[in-house]
Amino acid sequence: MADRLRTDARAIFDAAVSRAHPAGCLPEHLPEPPAAGRLILLAAGKAAGSMTALAEAHYLDSGFPAERLIGHAVARHGYETKTRHIPMVAAGHPVPDQGSIDSATRALALAASATADDLVLVLLSGGGSANWVAPAGALTLAEKQAVNKALLRSGAPIGEMNIVRKRLSRIKGGRLALAAAPARLLTLAVSDVPNDEPTAIASGPTVPDPTTMEQARAIVARYGLDLPVAAKDLLGDDASETPKPGHDAFARSEFRIIARPADAIAAAHAAAVAAGYEVHDLGPDLEGEARDVAAHHAELALSLKRAGKRAAILSGGELTVTLRGRGRGGPNQEYALALAIALGGEPGIVALSGDTDGTDGGGGEATDPAGAVIDETTLSRAAALGLFPARSLDDNDSTGFFEKLGDLLQTGPTLTNVNDCRVILIEP
């Protein structure tokens, strides 16, 4: 039974990922090219490679002159794709590197060269915050990396992280739109954030920012972040504030989401129904500490099992992990480990938790796991190997735990990113 449930869980997860791939949603949104000016294509994030390849093929194959198509694309290391015309490079994620600096500098320069006759087409996806980094003021790359690491370790939700990041950047928080004006600007985005908030996707480089400097300062204080002096100076200077709604730079700007977490969860829902499960859809925007969410989901799964339901519990969103130990892992793996502990080896329950981009935490490599799978044998197999699940959880070492069991979810780069997809299957 466990093997069949595992197969079903993976098929449901794959349906979610497939629905979110740009190949199925980008072409219909690509605009008509400019009549006289240039088409400046700028792409950043984990889906940048697939989006760029699709967009350049669309325009070049329809006869748009190659000399009028310029641009630059950057994705996380390992997420690059082969492109025909637009240069494609890689940069660090989740911690930025020199490639992030170079790519942001190039994007800002291309945007600043735009005239009123040009169209600036921005293809945006999750990961863009780290792939486009342009430190403001006296902030250095090393200091920006330190800020990112501090934010990641704090357990702050991605939205709060981005509020701080925007005040430390020359490209985030609407500043790319400032550079592109007076050109027409269209952003096509794959959403990886709860509630599909445009200002949170890659830290909103092309949209006005309604958040405030006071909020950024409060977040730093709430999490006790120890920031470099240059970052403190920027957060202490009201001149570092971002452009707000109504600013002239957004007069010819449009933002459009082409794939979202809800689309992926809807595809998973349909796949689960087709496989004969009664679906309990918890929505695409769950947030919270991974181990706490896992405890609640275990209670629901056990209650459905007691009720004799053949059911699927589905959820999306982005969970967080507050780092206390020194192990390796990510929110999906930590969720799976906490869920296994809470279920206590209950027969007839299998769960898969994975990031739709193919990477859950890790060291920034394309080979990092996407998540993990558990079943009724997880705890007994762990015991046979001399593993202690609670100890692994305390050390935030979910990768080490599932690696030894052979239960890591390994998908490789999916070239899209619409947050997590968690699947729990119950067979009475």
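**Close-up 1. R76, a residue of strand β2.** In this predicted model, R76 is part of β2 and is buried, with a relative accessible area of 2%. Its side chain makes a polar contact with the side chain of H93, at 3.3 Å. Skipping the neighbours within four places in sequence, R76 is in contact with G45, K46, A90, A91, H93 and N131, and also with T359, G361, G364, E365 and D368. One of these, A91, is also the bridge partner of R76 in β3. H58 is another matter: 18 residues separate R76 and H58 along the chain, and their C-alpha atoms are 23 Å apart.

**Close-up 2. Strand β2 and its partners β1 and β3.** Have a look at β2 (residues 69-76), which is mostly covered, with seven of its eight residues buried. Strand β1 (residues 39-44) runs parallel to β2, and six bridges join the two. Here L41 has G71 of β2 as its bridge partner. Strand β3 (residues 88-91) also pairs with β2 in parallel, this time through four bridges. In general, strands of a sheet pair through backbone hydrogen bonds, and the pairing can be parallel or antiparallel. Bring helix α2 (residues 48-61) into the view and you get a right-handed β-α-β unit, made of β1, α2 and β2.

**Close-up 3. S103 in helix α3.** S103 sits in α3, which covers residues 98-112. With a relative accessibility of 1%, S103 counts as buried, because the cut-off for that is under 20%. The side chains of S103 and H72 are joined by a polar contact of 3.3 Å. H72 also turns up in the contact list of S103, together with V74, V89, N131 and W132, once neighbours within four places in sequence are left aside. N131 is a name to remember from the first view, as R76 is in contact with N131 too.

**Close-up 4. The two aromatic pairs found in a search of the whole structure.** Which way do the rings of Y59 and F64 meet? Their planes are at 65 degrees, so the pair is edge-to-face, with the ring centres 6.3 Å apart. Y59 is buried, at a relative accessible area of 1%, and F64 is buried as well, at 8%. The other pair is F401 with F402, again edge-to-face, with 90 degrees between the planes and 5.1 Å from centre to centre. Both F401 and F402 are buried.

**Close-up 5. Arginines over tyrosine rings, at Y277 and Y335.** Two spots for anyone who likes a charge above a ring. At Y277, the charged end of R310 sits over the ring, 4.0 Å from its centre. At Y335, the charged end of R422 does the job, 5.6 Å from the ring centre.

**Close-up 6. Helix α15 and what covers it.** Helix α15 (residues 398-405) is mostly covered: six of its eight residues are buried. Those six are S398, T399, G400, F401, F402 and L405. What lies over the buried residues of α15? Helices α12, α13 (378-384) and α14 (389-394) are among the elements covering them, as are strands β10 (371-374) and β11 (408-409). Just past the end of α15, G406 takes a positive phi of about 75 degrees.

**Close-up 7. E334 in helix α12.** E334 is found in α12, which spans residues 331-343, and is buried, with a relative accessible area of 2%. R291 is 43 residues away along the chain, yet the C-alpha atoms of E334 and R291 are separated by 6.6 Å. R291 is also one of the residues that E334 touches; not counting residues up to four places away in sequence, the others are A290, V321, L393, N396 and S398. S398 takes us back to α15, where S398 is one of the buried residues.

**Close-up 8. An open sheet of six strands.** The strand order is β7-β8-β12-β9-β10-β11, and the pairing is mixed. At the edges are β7 (278-281) and β11, each of which pairs on one side only. Follow β11 inward and you meet β10, which pairs with β11 in the antiparallel sense over two bridges. In one of these matches, G371 has L409 of β11 as its bridge partner. Both β10 and β11 also appeared above, among the elements that cover the buried residues of α15.

Technical notes:
Residues are numbered from 1 along each chain as its sequence is written. This is a predicted model: local features need pLDDT of at least 70, side-chain atom pairs count only at pLDDT 80 or more; totals for chains, interfaces and linings use all residues. Side-chain values use heavy atoms; hydrogens and water are left out. Buried means under 20% relative accessible area, exposed over 50%, partly exposed in between (1.4 Å probe, protein chains only). A polar contact is a pair of N or O atoms within 3.5 Å; within protein, one must be able to donate a hydrogen and the other to accept it, and residues adjacent in sequence count only if both atoms are side-chain atoms. Contact means heavy atoms within 4.5 Å. Rings of Phe, Tyr and Trp (its six-membered ring) pair if their centres lie within 6.5 Å; planes under 30 degrees apart count as stacked, over 60 as edge-to-face and the rest as tilted. A charge sits over a ring if NZ of Lys or CZ of Arg is within 6 Å of the ring centre and within 35 degrees of the ring normal. Two strands pair if DSSP finds at least two bridges between them. A crossover is right-handed if, with the strands pointing away from the viewer, the path from the first strand over the helix to the second runs clockwise.
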